[in-house]
Each structure stands twice: as C-alpha cells, then as structure tokens.
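Open the model in your viewer and keep the selection panel handy. We will go from stop to stop, with a note on what to select at each one.

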Amino acid sequence: MEEKVIFRRKIYKQMEEWIDSPVQNSALLIEGARRIGKSTIVEEFAKKRFPNNYILVDFRHESDDVKSLFNNVKDINGFFRKFFLSQNKVLKDGGLIIFDEIQFCPKAREAIKDLVNDGRYRYIETGSLISIKDNVKDIMIPSEERRIDMFPMDFEEYLWAIEDNHTFELLKDSITNHESIEIGIHKQYLEKFRTYMIIGGMPKVLSIFLQTNSFKLANDEKLDILKLYRDDLRKYDSLHNTVCTAIFDSIPSQLAKTTSNRFVIKSISGKKRYDQIRKSLDDLCDFKIVNRINTVSTLESPLAIHVEEEKFKLYFCDTGLLFSKLIQISEEKMNEIYFKFIQGKKIINIGTIFESIVAQQLISKGAKLYCHKFSLLSKEENKTKHYELDFLIEIDFKVTAIEVKSSKNYTTSSLNHIKQKYPQLKVNRMVFGVKGLSFESDKTTIPIYLCILIKN
C-alpha cells in the first residue's frame with residue numbers, strides 16, 4: 001500500500017489563525033484547483049487540533065440520504081441527531097465538522113449560515129473551484145464564510161518537504177542585510193530550484209518523486225493531473241458553451257512559439273474577438289487552473305486602473321505541469337533532458353519556464369502581477385525599438401518592474417530604458433535570474449530561488 005506523505009504547508013498557519021480567533025462567527029472555506037492537497041491538510045489539521053472530536057464528511061462518496069439531511073436544518077437538534085447517526089459518531093461541543101468537496105452538496109454549503117449561528121461546532125469546507133462555481137446557482141451563498149485560496153506548493157514548502165528547514169531562513173537575511181550569497185550555496189540552490197521547477201508543486205507528484213527518485217513516475221502523475229483538468233473542462237464546456245479546453249490546450253504551444261508570450265486570441269479555433277472568449281478566460285482564472293498576467297498601458301500607479309483587458313499572458317497554475325506539456329519526450333531521453341535542465345543547460349525556451357515559476361511563486365503569496373510593452377525612438381539607429389517588461393508589481397504603493405533571466409549572459413535593456421520612457425516616474429527595477437544577489441541604487445538582482453521572498 002502506498003505510503004501517504006503529509007507535507008508542511010503555509011496555509012496551516014492561516015487555519016490556526018482562524019480557529020484561534022476570538023471572533024468565531026464563520027466557517028472556513030478553502031478553495032483551489034484539484035490535486036493541490038486541500039483535503040489532506042484539512043484532515044491533518046483536524047487530527048492535531050481536534051483529536052477524536054472531528055468528523056470528515058466527503059461528499060464525493062456520501063449517499064443521497066445523507067445529502068438530503070441538509071435540505072432543512074431549521075430543526076437544528078433534529079438535524080444533528082440524524083447527522084451523527086449517519087456518521088456513527090457524536091461530537092462534544094467545540095468539535096470540528098469538515099465538509100470535504102462541498103461542491104457535491106450545495107445544500108450543505110447553504111446550511112452553513114444556520115450551522116455557524118448554532119455555535120456548537122466549527123466548520124471547514126473544501127472545494128475545487130471548477131465544480132463550486134457550477135453548483136451554486138440555486139443556493140444562497142452564506143455570508144458566514146471566510147474564504148482562503150490554496151495553491152500548489154511553493155519553493156519554500158518544497159524545501160521543507162526535502163527536509164531543508166534552515167538554510168532558506170539564512171538566505172532571507174541576505175536580502176534584508178544586502179549581503180552576498182556564497183557561490184557554493186548559490187549553485188546548490190539553483191539546482192534545487194530547477195529540480196522544483198521540473199517536479200512542480202503538486203503534493204502527489206512530489207511524494208512519488210521523493211519515494212522513487214523517478215522523473216518518469218512523477219511525470220506520469222503530472223500527465224494524469226493534466227488529463228483530469230482537461231476532462232473537467234470538457235464537461236464544463238459542454239454545459240456552458242465555453243471554450244475553456246481550447247484555451248487551456250493552446251497555452252503551452254503559445255508559450256513555446258511566441259517571443260513575448262502574449263496570448264493570441266485568434267488562435268482559438270473559430271474565436272477571433274476577446275468578447276467571445278471573455279467568460280471562458282474568467283472561468284479558467286476563477287478555477288485557478290491558469291495564471292493570467294494582464295497588460296497595462298502605463299507604469300503609473302495604481303496599475304489596476306490601466307489594464308488593457310484584451311492583452312494578457314497565460315501560464316499554467318503549476319510550472320511542473322507546464323514543463324511536462326512543453327517537453328513530451330520518450331522515457332529513454334527523459335532523464336538526460338531533465339538532468340541537463342537541472343544543470344542549467346539550454347534545452348528549450350527555458351525563459352518561458354522561468355517566467356512561469358516567478359508568476360506562480362508571487363501569485364501564491366497574493367501578489368497582483370501585470371506586464372507592459374513600450375516603444376522608444378532610437379536616435380542612434382533612427383528607428384523605433386520595442387521593449388517588454390516581464391512583470392510589474394506594486395510594493396508599498398510603488399511600482400517595481402521585473403525582468404526574468406534564465407542565463408548568465410543577458411542585458412536588461414527594457415529596465416534600462418524605463419527612465420527614458422517615463423522620466424516623471426520613480427520605478428524600482430528588479431532582475432530575477434541565475435546570478436547572485438547584488439544591489440545597485442535602483443536596480444536589484446535577486447537569485448530566482450528567492451523570488452518568493454519579495455514583499456508585496
């Protein structure tokens with residue numbers, strides 16, 4: 001029997017803050033894509049904080065008779081008698097009830113208002129967004145929910161999983177104190193980060209890799225997850241006349257072929273205008289299956305009011321999944337290609353992979369990312385030149401422009417020309433790449449493995 005591995009996750013702290021809050025007037029709803037570890041972390045939390053005093057209801061497998069109990073909870077005492085009988089367990093006051101995969105029983109979610117107001121127990125709900133959105137049209141969404149988003153594992157969580165629990169804390173101090181990082185440690189963490197990019201942040205994938213050291217078996221699991229996502233999207237498209245599957249399928253090829261990575265709307269078969277794919281795009285973002293980076297027309301803050309909706313970039317929610325789609329090779333060549341990537345050798349358009357992982361890391365910590373293109377007339381060459389800023393982020397209400405570099409030999413021409421294009425603005429400049437940590441007056445170079453530490 002396969003050993004179940006429980007990884008340390010940052011969301012656990014948010015769950016503790018909720019359960020320990022002096023104001024106890026809400027259920028906790030944890031939302032996210034499928035296979036990111038929602039059910040596992042919630043059950044682990046229950047075992048530690050509510051030993052022998054919790055019930056986990058998995059609505060994927062509950063009978064219609066159990067689900068029908070939630071059609072009417074006005075007789076709250078009668079409801080609990082029937083509910084505990086169905087679960088063959090009774091809780092003491094203050095216990096925890098987990099509604100896992102709440103999307104399969106919308107009435108249970110609607111009942112949260114009465115259950116929370118009753119006050120005897122605490123409630124955690126988990127749900128995969130693609131189904132939650134589809135199953136709430138006939139119910140009243142309770143205001144007694146505190147929602148938190150869950151994402152694939154970030155790099156720091158990956159380090160915890162491989163039992164590297166201390167060095168990263170010291171690396172945080174390097175940024176704070178503007179100290180250089182010893183070259184041996186820098187190389188070591190670049191390799192760890194590249195391995196993380198290949199494996200990704202899906203817990204089951206990482207568990208398989210750590211137990212077997214097999215890129216092949218880890219890759220098989222990633223392909224299974226991608227198939228699961230596609231199956232979900234195809235069902236959703238058939239019900240709602242959307243093109244989510246077509247958009248999802250086109251992301252890897254667009255990232256591989258275009259130099260700017262901007263999503264080409266007319267590449268979607270039969271769809272040529274933004275308004276024809278708007279709902280599908282919004283749904284994919286709501287499901288947290290893709291990460292969308294909007295283009296802005298200027299670097300003036302606040303960036304959100306300058307969004308050009310029809311211009312954007314799309315990445316998968318997990319770079320490990322993207323890697324498996326971009327590199328579809330035979331089993332015999334897989335180890336060779338993967339090891340070359342880990343060692344920093346160019347095998348594909350790895351700039352795409354590097355951009356994707358930066359987006360994934362920053363979005364997982366709640367950052368709002370944007371991108372920007374601008375043009376300048378070069379007097380020396382007597383022609384207009386075009387520049388692109390990979391990402392923009394607002395830190396303390398100031399705009400920071402970010403370029404992502406996957407090799408040591410690079411220029412930062414886009415960052416260098418910001419002042420010329422926007423002389424009236426003070427824009428901080430940052431480079432995420434494979435070089436060490438360095439600080440200039442208004443440009444900071446940060447190793448890509450530390451991008452998760454950037455304040456937002």
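Start by selecting Glu144, which is buried at a relative accessible area of 10%; buried means under 20% relative accessible area, exposed over 50%, and partly exposed in between, with a 1.4 Å probe and protein chains only. Now add Lys113: its side chain meets that of Glu144 in a salt bridge, 3.2 Å from N to O. The term salt bridge stands for a side-chain nitrogen of Lys or Arg within 4 Å of a carboxyl oxygen of Asp or Glu. This pair links distant parts of the chain, 31 residues apart: Glu144 sits in the loop between helix H7 (129-132) and strand E5 (145-149), and Lys113 in helix H6 (residues 112-118). Helices (H or I, at least four residues) and strands (E, at least two) are DSSP runs, numbered from the N terminus. Unlike its buried partner, Lys113 counts as partly exposed, at 38% relative accessibility.

A word on what you are looking at: this is a predicted model, in which local features need pLDDT of at least 70 and side-chain atom pairs count only at pLDDT 80 or more, while totals for chains, interfaces and linings use all residues. Residues are numbered from 1 along each chain as its sequence is written, and side-chain values use heavy atoms, with hydrogens and water left out.

Next, select Glu221 and Arg35. They form a salt bridge whose closest N and O atoms are 3.0 Å apart. Here, too, distant parts of the chain are linked: Glu221 is in helix H12 (residues 215-240) and Arg35 in the loop between strand E1 (27-32) and helix H2 (38-49), 186 residues apart. Glu221 counts as buried at 9% relative accessibility, whereas Arg35 is partly exposed at 41%.

For a pair within one helix, go to Glu336 and Lys340, whose side chains meet in a salt bridge (3.4 Å, N to O). They are 4 residues apart in helix H16 (residues 331-342), so about one helical turn separates them. Glu336 is partly exposed, with a relative accessible area of 42%, and Lys340 is also partly exposed, at 31%.

Then select Lys10, Asp154, Glu156, Glu169 and Lys172 together: salt bridges link them in a network. How many salt bridges does the rule count? The total comes to 30.

Now for a lysine without such a partner. Lys67, in helix H3 (residues 64-68), is buried yet has no salt bridge, and the nearest side chain of opposite charge, Asp64, is 4.7 Å away. For charge, Lys and Arg count as positive and Asp and Glu as negative, with His and the chain ends not counted. Leaving aside neighbours within four places in sequence, Lys67 is in contact (heavy atoms within 4.5 Å) with Phe59, Glu62, Phe104 and Cys105.

Move on to Ser174 in helix H9 (residues 167-177). Buried or exposed? At 7% relative accessibility, Ser174 counts as buried. Not counting residues up to four places away in sequence, Ser174 touches Glu179, Ser180, Ile181, Leu437 and Phe439.

Finish with two helices, H13 (residues 244-257) and H15 (residues 319-326). Their axes come within 10 Å and cross at roughly 75°; axes are lines fitted to C-alpha atoms, for helices over the stretch in contact, and angles run from 0 to 180 degrees between N-to-C directions. H13 and H15 are therefore roughly perpendicular to each other, the word used for 65 to 115 degrees. To show the contact, select Pro252, Leu255 and Ala256 of H13 with Leu322, Lys325 and Leu326 of H15.

Definitions and conventions
Parallel < 35°, antiparallel > 145°, perpendicular 65-115°, else oblique.
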